[in-house]
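Reader: I should like to understand how the descriptive terms for a protein model are justified. Would you take me through them one at a time?

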Amino acid sequence: GDFASSAPPMDIDYDYHYEGWGTNYDHIPDPEFCAGMCQGVEKCKAYTWVKDAGLDGCPSQCWLKGGVGYKKKKKGVVSGVPPPRQTLVEVPKIKAKE
């Protein structure tokens, strides 16, 4: 889709080793999708997509990370930072009617 173009260049065959916050999701089909997921999580500053994590069905995994940490060469993974978050997307807080 057109949203992939807004993602910064990816590090192919590099893993990001970050000590700190992280979470992972199974069956994520491609690194663009992973970047988009990272963009949607406020504390996500980097991600690593694993092409084959040995899962049933779609074997790929997406790891969201709180930072880049250090980069380490690793075959079959793609890492990167999320597309810039638009501050305009914030929904104005409207008081609910009683």
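Reader: Why is Asp15 called buried or exposed, whichever applies?

Author: This is a predicted model, in which local features need pLDDT of at least 70, side-chain atom pairs count only at pLDDT 80 or more, and totals for chains, interfaces and linings use all residues. Residues are numbered from 1 along each chain as its sequence is written, and side-chain values use heavy atoms, with hydrogens and water left out. Buried means under 20% relative accessible area, exposed over 50%, and partly exposed in between (1.4 Å probe, protein chains only). Asp15 has a relative accessible area of 11%, and therefore counts as buried.

Reader: How do you know that Tyr18 belongs in its class of accessibility?

Author: The relative accessibility of Tyr18 is 33%, so this residue counts as partly exposed. Tyr18 is found in the loop between S1 and strand S2 (22–26); strands are DSSP runs of E with at least two residues, helices are runs of H or I with at least four, and both are numbered from the N terminus.

Reader: What makes Thr48 a buried residue?

Author: Thr48 has 2% relative accessibility, and so it counts as buried. Thr48 is found in strand S3 (residues 46–50), while Asp15 lies in strand S1 (residues 11–17).

Reader: What makes the pair of side chains of Thr48 and Asp15 a polar contact?

Author: A polar contact is a pair of N or O atoms within 3.5 Å; within protein, one must be able to donate a hydrogen and the other to accept it, and residues adjacent in sequence count only if both atoms are side-chain atoms. The side chains of Thr48 and Asp15 make such a contact at 3.3 Å. A second polar contact, of 2.7 Å, joins the side chains of Thr48 and Ser79.

Reader: Which residues are in contact with Thr48, leaving aside its neighbours within four places in sequence?

Author: Contact means heavy atoms within 4.5 Å. With those neighbours left aside, Thr48 is in contact with residues including Asp15, Cys34, Trp63 and Ser79. Under the same exclusion, the contacts of Asp15 include Thr48, Lys65, Tyr70 and Ser79.

Reader: How do you know which strands are at the edge of the sheet?

Author: Two strands pair if DSSP finds at least two bridges between them. The five strands form an open sheet in the order S1-S5-S3-S4-S2, with antiparallel pairing. S1 and S2 are the edge strands, as each pairs on one side only.

Reader: What joins S3 to S5?

Author: Four bridges join these two strands, which run antiparallel. Thr48 stands opposite Ser79 in S5. Strands of a sheet pair through backbone hydrogen bonds, either parallel or antiparallel.

Reader: Why are the buried residues of helix H1 placed on the same side or on opposite sides of H1?

Author: The buried residues of H1 (residues 31–39) are Pro31, Cys34, Ala35 and Cys38. They cover an arc of only 100° around the axis, so they are on the same side of H1; the arc is that of the directions from the helix axis to the C-beta atoms. These buried residues pack against S3, strand S4 (61–65) and strand S5 (70–80).

Reader: What makes Asp30 a cap of H1?

Author: A side-chain oxygen of Asp30 lies 3.3 Å from the backbone nitrogen of Glu32, and Asp30 caps the N-terminal end of H1.
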